[in-house]
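Let's take a walk through the charged side chains of this protein. Have the structure open and follow along.

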Amino acid sequence: MDISPLKLDIDELIADYAKENSTSLADFKRVWKAKKFSYLYEGRPKTNSGFFMQSLFLHCIGHFTSQSSLQQRLAGLYCLYCLYECQPYKPQFKIYLSLEECRQLKDFVVTVKQNGVHVVPALVKRMLDKGMFLFGYMNLLDDDSEKQIEELTALQNKRVNFACDKLFANTQAESYMHMDLGAEFELDSIKKLSKEYAEAKELALAEAGETVDIEDAKHILKSDKLLGDKIDEVVKEWDAQKEEFYERTGLSRGNELAVIDNDESGVEHHEYDDFDELTQLLE
């Protein structure tokens, strides 16, 4: 999905506002309306809506966390706010904000207050009160995509393991999850017995055919599959589903589930203090 043209539109909007040499949200909205910028969503994709919205949000975040002029940084924040409010999706996609970006937003609020731009603290407080932000740990602006995928996958696997550990504790679910169905059914013995039964049935009918007419009984020999073969198919399907479960969850094939700390996120709690500090700053 190439949204580069839409990002260029955002850059142009921010540049036009910066030329106004204004710090007012009302002036930004005027520039937005003059450019009929809400039509940006007319080009939205039919799939991957979350990726589309987060890409737009992330581009705006890159502007207000940059070292550009105050007007450009303000425009980045204003654009982020307007993109959220004008988005066509219900429920609305929240704006992903990492710990580092939250710290940068907090510093930006301090900076603009020192410059007498009082609308920004009120705007950010409104965004927090309305629950526009989705706070997380990953900094998507600085990390390369491959590293992001690796870390997010690892975090997801840890949380799945943690959930499974809690879910399967003191239950029979874990024993079923690792059960060898073939061994439970004694598959080898069943296959051997079913084969011997088929051979005995065929021999008995052959011997009977030497003395009586067995034409009406020959259909007995036309069984599609032996019982052992049918059970073997069930076992193979069981194993295939179990293998898929292992791949999806990242669980081991052993008898023990991975046990992790209760704080499965791997993030120390004090790292979230900036969120509280930002809220206190705006009160």
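How many salt bridges does the count come to? Nine, in a model that is predicted. Let's look at a few of them one by one.

Start with Glu-12 and Lys-35, a salt bridge whose closest N and O atoms sit 3.1 Å apart. Glu-12 belongs to helix H1 (residues 4-19), while Lys-35 is in the loop between helix H2 (25-34) and helix H3 (49-64), so this pair links distant parts of the chain, 23 residues apart. Neither partner counts as buried, because that takes under 20% relative accessible area: Glu-12 is partly exposed at 42%, and Lys-35 is partly exposed at 29%. This pair also has company, since Glu-12 and Lys-35 join Asp-16 and Lys-19 in a network of salt bridges.

Now move on to Glu-20 and Arg-30, whose side chains meet in a salt bridge at 2.7 Å, N to O. Glu-20 lies in the loop between H1 and H2, and Arg-30 is in helix H2, so their contact ties together parts that are 10 residues apart in sequence. Both ends are partly exposed, with relative accessibility of 37% for Glu-20 and 40% for Arg-30.

For the last stop, go further along the chain. Glu-85 forms a salt bridge with Arg-126, and here the closest N and O atoms are 3.7 Å apart, which still counts because the cut-off is within 4 Å. The pair links helix H4 (residues 70-86), home of Glu-85, to helix H6 (residues 119-129), home of Arg-126, across 41 residues. Glu-85 is partly exposed, at 26% relative accessible area, and Arg-126 is partly exposed too, at 40%.

Technical notes. Residues numbered from 1 in each chain as written. Predicted model: local features only at pLDDT ≥ 70, side-chain atom pairs only at ≥ 80, totals over all residues. Heavy atoms only, no water. Helix = DSSP H or I, 4+ residues; strand = E, 2+ residues; numbered from the N terminus. Buried < 20%, exposed > 50% of the residue type's maximum accessible area, 1.4 Å probe, protein only.
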